[in-house]
Amino acid sequence: MASNSDEARRLADEFKKEGHFDKLKHDILSQELKQGESSTSVEQTIRAKVNALVRAMVAEDENLIFKNRGSTSALIESQIFKDGYKALSQGDGGLNVEEYIQEKLNEPALQDHVREKIEEMVQGTKNG
Amino acid sequence: MSGSQRRPLPAFPKGPQRSLNGPPRRDQQYQPSYHRLYESDFRCQNGSSSYSSHYRDRVSDGGSYRRYQSYRDESNYENHRDNDSPVSLNYGEMRPALHRRPAPAIRYDSEFSKSKYHYFDPIAKKLIHRNEMSSWKKDSRLPPNGFVITQESHGGQMRPVMKERHPEQQGTDPRSKDMRTGPFRKHRNKLTLVPRISYDKYSVGPPPPIEVVICPMSDVGPVQDISIKNYFRKYGEISHFKAFNDPNNALPLHVYLVRYNSSENKINDAANAAYRATKEHGERGCIILGSRFNVALNKDKTLDKVISELVEKNAEKANRLAKELRRKNEEQIKMSKKEEKRDRAGISQKKIPYDLAKQINNRPVLCISKFFANNHGFRVEDFKAMLRRYAWTRIIDHPAGIFAVFNDEESARTCMNNESGRMTMISRTKRSPVEIKLLLIPATTEITDDTQVNGKVVSTVPKRKTYKTKADLFEAATRYVIEDLEKALHVDFRKRLIGPTVFDTLNPSVFPELVAKRETKEQETRQAATKAAEEAKKKLKSTNDFDVFNLYGSSAPRKRSGFLKRRGSGSLDSLATRHLKRSKLVKPTAHLLNEDTTSKEPTPTIPSLSPTSKTEEEGNSSAYGGYSDIEIDQDESPFKRDMVKVETDATTPELDVTEKMALFAGKAEELMKIPAMYRPRVSDIPEPIYEDDTTSGSLGLKKLLRTIKDDEDLELIKHVLGVQSPPAEKSDPLLQYRVWKLCSGEENQTLVQEAQLKLNEVPFHEELISNSGSVKAEGYRKISDRLKTCYLPHRRKIHQPLNTVSNHNDSLDGTPDLPKEDFENKDPSEPAPQELSSSRDNRASNRRFQQDIEAQRAAIGTESELLSLNQLNKRKKPVTFARSAIHNWGLYALEPIAAKEMIIEYVGERIRQPVAEMREIRYIKKGIGSSYLFRVDENTVIDATKKGGIARFINHCCDPSCTAKIIKVGGKKRIVIYALRDIAANEELTYDYKFERETDDEERLPCLCGAPTCKGFLN
């Protein structure tokens, strides 16, 4: 209902349906990060960081791996999410996820790109 | 008809009778019965007027009416001819013309028939004996017209009285009086119905109606057509049934047509059915489901008439209603216009509470004030029920009131208009109907927006956002996209990146070194546990060489033996364990000092001290006063020992030593001189050195010796007994032997007693001790069951914790506690493998299994006992049978059982009652004393004597732990034992047998359950 009443909403939904949204997301996630000389994707950095964190936790308490895996991992996840991914941003190889997302989203290039795409879409539907 | 039948005239004497009877009876065609009647009449009435009158009467002769002429006619004829008497003439004239008979004529006036007449010459037409006859009226007293003799009462007596006849008066039939009293036909106001004539091929006219019309007498409630049909089915087979609707509005008219079925040429059956259907109900009508109906035969277009009548009536009613409705609507519109104005004013007062705003989400709301609702005890459910006809979306209970939320204002407004102030609900507090006022709170923001900006009618749909330019639109769209993107990114980070990574890294296979470490550790602990278990076993074997309880169980006796050891001289291992425990309780000395006096730990050395210490003391201090000053110095006079009865335990000397060493380093040497026993201690109250062992009763030699602990005691006892000096030696040469004998005897006895206690926990009963010294020497005698508890191990009381069940798991559980605890502490989170399959899961899997089996059975298509599953067996609890304290064998729980859980089914042969009776007698004859027959109902008994499950071993108890219930499984009654309360492992299971009370005392079975509430008998 709400999307029908709002033209912009409808457009946004259409944008998603066309697949541009997922592509954007994928791009952001797989963007290369320049860290010193080596460059890894965001996804990989975060994976590595999380892996290290969990390992550290296990080293502290061995029993973690013998407990119920599902509930334990949920607990650890909540630890990581706490305070805006604070755990991830600390230490070397860390990445402030929140900041990163904000930074990426506020890039004018991205916004322009989105607008272009939407305009194209509108044009396409009108022509079609 | 001829003269052969003629009766000879009776020879009457002269007189009135004669003359009355005089006329010849020529026509003898009257029946003899009539003659008799006439004669009897004549005799009794004796010439009453009945005779002379000609009257018609009925003679019941084959039910036919027969007219007869009185003899008067004949005499008439006679008189006519001869006497010309006025009487007869009179009669002739009086007679109505219709009844006048034709003048008599002589038919047989021939010579031949002349002889047939006695007194009449038919040819001459003369009376033969005319001259010989004389008038009866010779006597002048007699009235000329004859007389009658009537009964008259003269002074209370009935007398015959002669009365003159009055021929001019018409006689009355005396019987007519009687006739009037007889039964009369009832008054009819209607013609009697002609019996129904069945219709056949000869019948003329239309066939009889076979249809019945059913129409409502008054207003009809909800009646299903089928119930009408079923009702009329009882009169005959229905071939056609039709319910009629109003052609105007298709509503049911509740007019039905029932046509009864008739086979070929048998219209009568149907007609008969229809006739009966109408006849039975008549004018009362029939009542079906509370509604009254008229039932009529369908002839002459009854149906059409009925329908048209009803339709007309309905149309009229509809018209009336429509008019009323229109009028009401007009009124309502007027009212609502007024109300709206008022509402608008009221709306502003009432506002949606802030916290509800989100839930209500700008939708119109009807509100009932909370104060009102609370006052009358109305709840949300009540309103839900009351407003069920309206399209509310939800009804919210809120401290501010009850809010009924509507999706659109239209329905809210109609609801309010229809119900507000009109709807009544029964108040819970006042128990009387209360009018309810609904207050409409419209979707506020919408209204203000719309009215101000657009001036449009109220709309519930959120306002359509508009954008001035395309650029704006795109801007907004991008903004939405970016917002969504941010959210999606966060979700992705969490759900797709971090979550799985954490999960994956937590995999134990990622940490092989840790797993390996753990495994080795586990192995170690397991080895340690087994080792400890083995050790414990060995120890058990060595210490409990004589352990009767290993016959039945092992855990309880172990505890008991340990207890005994502690009581005894104190063996090495018990001391060792105590030290172990003590070491665990190590605390700072300061604390120990504080707590020492309160410590309840008994001194292990004290009991064993007595013999040795004595000698020591004797050696160390020869004189009594030698150390008395020190004791006085410590304010611990030995005299006080008996007087100060403080129940405190002495501290352990070992600890004392260390404490003293620490505290009085300077005085250490001085103190060391004093024997350990008597060294000073720190305490609030002076303590006795020895425990207070005052005992009552007679003391044996040894015990007496034991109570005398030191010289002081000796002195005292000497003083008490009045013995000044040791008696002269060798006064009795056998003294030493006697003392030894006494001592050894006592020792033996205590040994026996201890053994008995160890065995049975109950002292040996005095009755069982044989007088002759040996039970074997005494011959056969019966020992009561009660006494058997003294020496039969399985006869001990049930309410004491005991374990008569030999349990294999026990030995594993019996491993020393320490390693087990350690094991548990280490990893409490890891679930035990046994717990993984709960009883519920078990049952679920059983059900699945059973479904499989059932499916297979269906596939095979044969009934096989092999495939039938015993559902009850799956829920069975682990139980076993063992010797029982109550009776012979008993059933014991192997695991703790919770209350209300099913334990076991009582399985056995299912037999009938007579068979059970027969078997019972047979079993008694055979000597099977125990009864294993369980009654299910009046004619079913389950016999577990020869074939049956172990549930039969369950004993009776007056305070039972279980109960037997009869439940139906697959249509068969079965006996199932359920736990009444929580049952511990190794506890005997019992239930109440509920035998009927036996009146014969000899027949009663004593109950040995030993429960505190035992009734003493089973039956």
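These legends accompany close-up views of a predicted model with two chains, A and B.

**Figure 1. The two chains at a glance.** We start with the overall make-up of each chain. Chain A carries 7 helices and 2 strands, and from the N terminus on its elements follow the order α-α-α-β-β-α-α-α-α. Chain B has 33 helices and 25 strands. Of the 128 residues in chain A, 24% are buried; for chain B, with 1019 residues, the figure is 15%. Contacts can also be sorted by sequence separation. Among those with a separation of 6 or more, residues 24 or more positions apart supply 34% in chain A and 64% in chain B.

**Figure 2. Chain A meets chain B.** Here the view moves to the interface, where 34 residues of chain B are in contact with 43 residues of chain A. Helix α15(B) makes the largest contribution to the chain B side, with 23 residues. By residue type, that side of chain B consists of 21 nonpolar, 5 polar and 8 charged residues.

**Figure 3. A nonpolar core built from both chains.** The largest nonpolar core holds 37 residues, and those touching the most other members are A:A12, A:V50, A:V54, A:I80, B:A477, B:V481 and B:I498. Two or more residues each come from α2 (7-18), α3 (20-29), α4 (42-60), α5 (69-89), α6 (97-105) and α7 (108-127) of chain A, and from α15 (470-505) of chain B. The largest share, 11 residues, belongs to α15(B). Another core of 25 residues lies apart from this one, and its members include B:Y231, B:A271, B:V306 and B:I307. For a closer look at the first core, follow A:V50: leaving out residues up to four places away in sequence, A:V50 touches A:I80, as well as B:I498, B:T501 and B:V502 from the other chain.

**Figure 4. Helix α8 of chain B and its cover.** This helix spans residues 267-281, and its length can be checked with simple arithmetic. With 15 residues at 1.5 Å a residue, α8(B) should span 21 Å, and the end C-alpha atoms lie 22 Å apart, so expectation and model agree. The buried residues of α8(B) are B:A270, B:A271, B:N272, B:A273, B:A274, B:A277 and B:T278. Among the elements that cover them are β5 (211-216), α7 (225-232), β7 (252-260) and β9 (291-297) of chain B. Just after the helix comes B:G282, with a positive phi near 55 degrees.

**Figure 5. Strand β7 of chain B and its partners.** One of the strands covering α8(B) is β7(B), and here its pairing comes into view. β5(B) pairs with β7(B) in the antiparallel sense over 4 bridges, and B:E211 has B:R259 as its bridge partner. Strand β6 (residues 238-245) of chain B is also antiparallel to β7(B), with 7 bridges between them; here B:K242 is bridged to B:L257. The hairpin of β6(B) and β7(B) has 6 residues between the strands, and in it B:A250 takes a positive phi near 60 degrees.

**Figure 6. A buried glycine in strand β17 of chain B.** B:G890 sits in β17(B), which covers residues 889-893. It counts as buried because 23 C-beta neighbours lie inside 10 Å, where the cut-off is 20 or more. Setting aside neighbours within four places in sequence, B:G890 contacts B:F881, B:A882, B:S884, B:F953, B:N955 and B:E988. Between B:G890 and B:L989 there are 7.3 Å from C-alpha to C-alpha, although the two residues are 99 apart in sequence.

**Figure 7. A three-stranded open sheet with a helix across it.** The final view shows 3 strands of chain B in the order β19-β21-β20, paired in the antiparallel sense. β19 (908-912) and β20 (933-937) are the edge strands, each pairing on one side only. On average, neighbouring strands of the sheet are turned by 35 degrees against each other, direction ignored. β19(B) and β21(B), the latter made of residues 940-948, pair over 5 bridges; B:G908 stands opposite B:G948. Helix α33 (residues 913-926) of chain B lies across β19, β20 and β21, and runs at about 115 degrees to β19(B).

How values were computed:
Residues numbered from 1 in each chain as written. Chains lettered and ligands numbered in written order. Predicted model: local features only at pLDDT ≥ 70, side-chain atom pairs only at ≥ 80, totals over all residues. Pairing = 2+ DSSP bridges. Axes fitted to C-alpha atoms, helices over the stretch in contact; angles between N-to-C directions. Contact = placed C-beta atoms within 7 Å. Core = buried A, V, L, I, M, F, W, Y, C linked by C-beta atoms within 7 Å. Buried ≥ 20, exposed ≤ 12 C-beta atoms within 10 Å, placed from the backbone. Nonpolar A, V, L, I, M, F, W, Y, C, P; charged D, E, K, R; others polar. Expected span 1.5 Å × (residues − 1).
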